[in-house]
Amino acid sequence: MTSLSVVRAANATFSPSYVPVALFIGGTSGIGQATAEAFARYTKGEAHIIICGRNRAAAESIIASFPKSSKGRYEFVECDATLMKNVQATTTHLLSTLPKLNYLVATMGYLTMKGRDETSEGLDRKLALNYYARWKFIHDLIPLLRKAKDAGEDAKAMSVLGAGYGGPIDLNDLGLRKGYSLSTARVAGATYNDLMMEV
């Protein structure tokens, strides 16, 4: 595994010749917030950064801490990603307003000890955030990633969730309607993400 000092040194040399566009889904707290803040810091604010989440006040506070730059543009896009209709509305909006997308970082999550918690769309809330919304954001925004790649720019999607925690899944119960537990939800979300990113 690469050492943290090597990673930090590589990040310090990051200086694209273009203004990168980066979307941080789940960027209002935790890993998403830290990643967005690091990206703003390493680009010295010379980036278009979009924080996507539910908490406008948190997003505005984070954005206020970003470096000031004449090339920088920061915005918040509100989306409760537990519902796929909201994700659809958000990706439709982004497709119509962004010229490209260089980086898509999905870190949204939902912490609960509660059992299966079904959304109005019939999905378990944990799986909705840990898999379905991540898949839909990446799938829907591929055209914007391709535009960046076609321009000779970096284009990447990253989903941060339970690395190394995948395992066997029940192909007859992918939605975990029959065999739900916190453990099966954790394993399923991590495994589904690994398979999605591999494809």
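## Close-up views of a predicted model

**View 1. Leu-176, in the loop between β5 (156–159) and α6 (182–198).** This is a predicted model, and we start with one of its loop residues. The phi angle of Leu-176 sits near 55 degrees, which is a positive value in a residue that isn't glycine. Is Leu-176 buried or exposed? It counts as buried, because its relative accessibility is 6% and the cut-off for buried is under 20%.

**View 2. Lys-44, in the loop between α2 (30–42) and β2 (48–53).** Here's another non-glycine residue with positive phi: for Lys-44 the angle is near 55 degrees. Lys-44 has a relative accessible area of 56%, so it goes down as exposed, the cut-off for that being over 50%.

**View 3. Helix α4 (residues 84–97) alongside helix α5.** The two axes come within 10 Å, crossing at roughly 20 degrees. That makes the pair roughly parallel, because angles under 35 degrees get that label. As for handedness, α4 goes past α5 in a right-handed crossing. On the α4 side, the contact is made by Met-84, Val-87, Gln-88, Thr-90, Thr-91, Leu-94 and Leu-95. Over on α5, the residues taking part include Ala-128, Tyr-132, Ala-133, Lys-136 and Phe-137, along with Asp-140, Leu-141, Pro-143 and Leu-144. Sorted by class, this contact has eleven nonpolar, three polar and two charged residues.

**View 4. Lys-136, a lysine in helix α5 (residues 125–150).** Zoom in on the α4–α5 contact and you'll find Lys-136 among the α5 residues that make it. Is this lysine buried or exposed? Buried: Lys-136 has a relative accessible area of 14%, and the line is drawn at under 20%. Which residues does Lys-136 contact, once neighbours within four places in sequence are set aside? They are Met-84, Val-87, Gln-88 and Thr-91, and each of these turns up on the α4 side of the helix contact.

**View 5. Leu-141, also found in helix α5.** Leu-141 comes out at 0% relative accessibility, so it counts as buried. Leaving out residues up to four places away in sequence, Leu-141 touches Leu-23, Thr-91, Leu-94, Leu-95, Leu-101 and Leu-104. Among those, Thr-91, Leu-94 and Leu-95 belong to the α4 side of the α4–α5 contact. For a longer-range ruler, take Val-19: it is 122 residues from Leu-141 along the chain, and their C-alpha atoms are separated by 18 Å.

**View 6. Helix α5 packed with helix α6.** The angle here is about 10 degrees, and the axes are 8 Å apart. This pair is roughly parallel too, because the angle falls under 35 degrees. From α5, the residues in the contact are Lys-126, Leu-127, Asn-130, Tyr-131, Arg-134, Trp-135 and Ile-138. They meet Leu-182, Ala-185, Ala-188, Gly-189, Tyr-192, Asn-193, Met-196 and Met-197 of α6. The class count for this contact is ten nonpolar, three polar and two charged residues.

**View 7. Met-196, on helix α6.** Met-196 is buried, with a relative accessible area of 13%. Its contacts, not counting neighbours within four places in sequence, are Tyr-131, Arg-134, Trp-135 and Ile-138, and these are among the α5 residues that meet α6. Measuring stick for this view: Met-196 and Thr-35 are 161 residues apart in sequence, with 22 Å between their C-alpha atoms.

**View 8. Cys-52 and Cys-79, in a structure with zero disulfides.** How far from Cys-52 is the nearest cysteine sulfur? That sulfur belongs to Cys-79 and is 4.8 Å away, and Cys-52 is in no disulfide. Cys-79 is in no disulfide either, its nearest cysteine sulfur being that of Cys-52. Why no bond in the count? Because a disulfide calls for sulfur atoms within 2.5 Å, and this pair is 4.8 Å apart. Both cysteines are buried: Cys-52 has 1% relative accessibility, and Cys-79 has a relative accessible area of 5%.

**View 9. Asn-86, a residue of helix α4.** Asn-86 touches Cys-79 and Asp-80, leaving out residues up to four places away in sequence. With 23% relative accessibility, Asn-86 counts as partly exposed. Glu-46 is 40 residues from Asn-86 along the chain, and 29 Å separates their C-alpha atoms.

Key
Residues are numbered from 1 along each chain as its sequence is written. This is a predicted model: local features need pLDDT of at least 70, side-chain atom pairs count only at pLDDT 80 or more; totals for chains, interfaces and linings use all residues. Side-chain values use heavy atoms; hydrogens and water are left out. Helices (H or I, at least four residues) and strands (E, at least two) are DSSP runs, numbered from the N terminus. Buried means under 20% relative accessible area, exposed over 50%, partly exposed in between (1.4 Å probe, protein chains only). Contact means heavy atoms within 4.5 Å. Axes are lines fitted to C-alpha atoms, for helices over the stretch in contact, and angles run from 0 to 180 degrees between N-to-C directions. Angles under 35 degrees count as roughly parallel, over 145 as roughly antiparallel, 65 to 115 as roughly perpendicular and the rest as oblique. A crossing is left-handed if the near helix is turned anticlockwise from the far one by less than a right angle, and right-handed if clockwise. Ala, Val, Leu, Ile, Met, Phe, Trp, Tyr, Cys and Pro count as nonpolar, Asp, Glu, Lys and Arg as charged, and the others, Gly among them, as polar.
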